[in-house]
Amino acid sequence: MLDNNGITRSARIALKDQWGEGAVLTFLFSLISGATVGVAWLVGGTLLFGYRQACLNVLRGGKVEMETLFSWFKTGTRFCTSFCATWLVALWSFVWMVPPVLFTIMLTLLTLGYRAVALFTQGMSSPEDMLMQTAIQMPGIMFWLMGSLVLKMLVCVPSICHIYLYTLTPWVLLDNPEMSSDEAINRSMKLMQRRRWRFMCLQCRFLTWILLPLMIHICSVFMIIGFALSAQLLGAPVVLASMALTISVSVVSFLGCLIGGFFLWPYYNVAVAKFYDEIRNEPEIVQEQVISGK
């Protein structure tokens, strides 16, 4: 069983001499997704199935073929399977996120209600008194807000961990198109048991590649706003020169994030395909398939 280093290395080897084709496929996928935004709920999931099919083919020694993007539209059965699987996963993910969201809303309302009651029961005669009292109590308020934020995040953890069980549903269907959506979801849940943390770590490897230019872009935008607000203090020539440099950095980082994404997305999907292949070939999984007659 390969570790995450081995998985990403295998993905790079599979994409060797095909990085450009992968980026073009990603651009085509993005273009079609943007053009069909009005009916994305209908065709988006099926189009993503075709994209993943192309990535799986690349991993297994095939070439990047643009027509594979539409492979799951060719028959009504495949289209219905991909459509149902996409929306079933979305529905179950939504159901599992409802309790933490409701808890977060209730905790926020309780916090606001408590603060409102506390201020009005202290006999504040004017808005200035209320502001002064709030400023005095600010350390306690900040401590409460930070504590409630941590609590909200902890409440979300079980739901997010369960949602990760559905991750491999499309990959199971790509290998077994005769399966129903429910069977694929159940199969994905069995495959992801005790492997969710490892998959999260694999995702974090790719997240850092996109976060760095994104954070540079966000920081440069705030710097542009800061320079604009301090024009009178620094002087027009200094501000214009600083803004020109910052805008250049912002544009370069944005383009790096955008163009890099066209190469990163196929790399990520081929790595996930390799992750699926490794799990599928583990001894206990193979033994289970033999026993079940699959």
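Q: What percentage of the 294 residues in the chain is buried?
A: This is a predicted model, in which local features need pLDDT of at least 70, side-chain atom pairs count only at pLDDT 80 or more, and totals for chains, interfaces and linings use all residues. Residues are numbered from 1 along each chain as its sequence is written, and side-chain values use heavy atoms, without hydrogens and water. Buried means under 20% relative accessible area, with a 1.4 Å probe and protein chains only. Among the 294 residues of the chain, the buried share is 36%.

Q: How many helices and strands are there in the chain?
A: Helices (H or I, at least four residues) and strands (E, at least two) are DSSP runs, numbered from the N terminus. From that end on, the elements run α-α-α-α-α-α-α-α-α-α-α-α. The chain thus holds 12 helices and 0 strands.

Q: Which element gives the most residues to the largest nonpolar core?
A: A nonpolar core is a set of buried Ala, Val, Leu, Ile, Met, Phe, Trp, Tyr and Cys residues joined through side-chain atoms within 4.5 Å. The largest one has 44 residues, of which Leu168, Trp171, Phe199 and Phe275 touch the most other members. Elements that give two or more residues include helix H9 (196-229) and helix H11 (236-280). With 10 residues, the greatest contribution comes from H11.

Q: Is Ser188 buried or exposed?
A: Ser188 lies in helix H8. Leaving aside neighbours within four places in sequence, Ser188 is in contact (heavy atoms within 4.5 Å) with Leu165, Tyr166, Thr167, Leu168, Thr169 and Val172. Its relative accessible area is 0%, so Ser188 is buried.

Definitions and conventions
Buried < 20%, exposed > 50% of the residue type's maximum accessible area, 1.4 Å probe, protein only.
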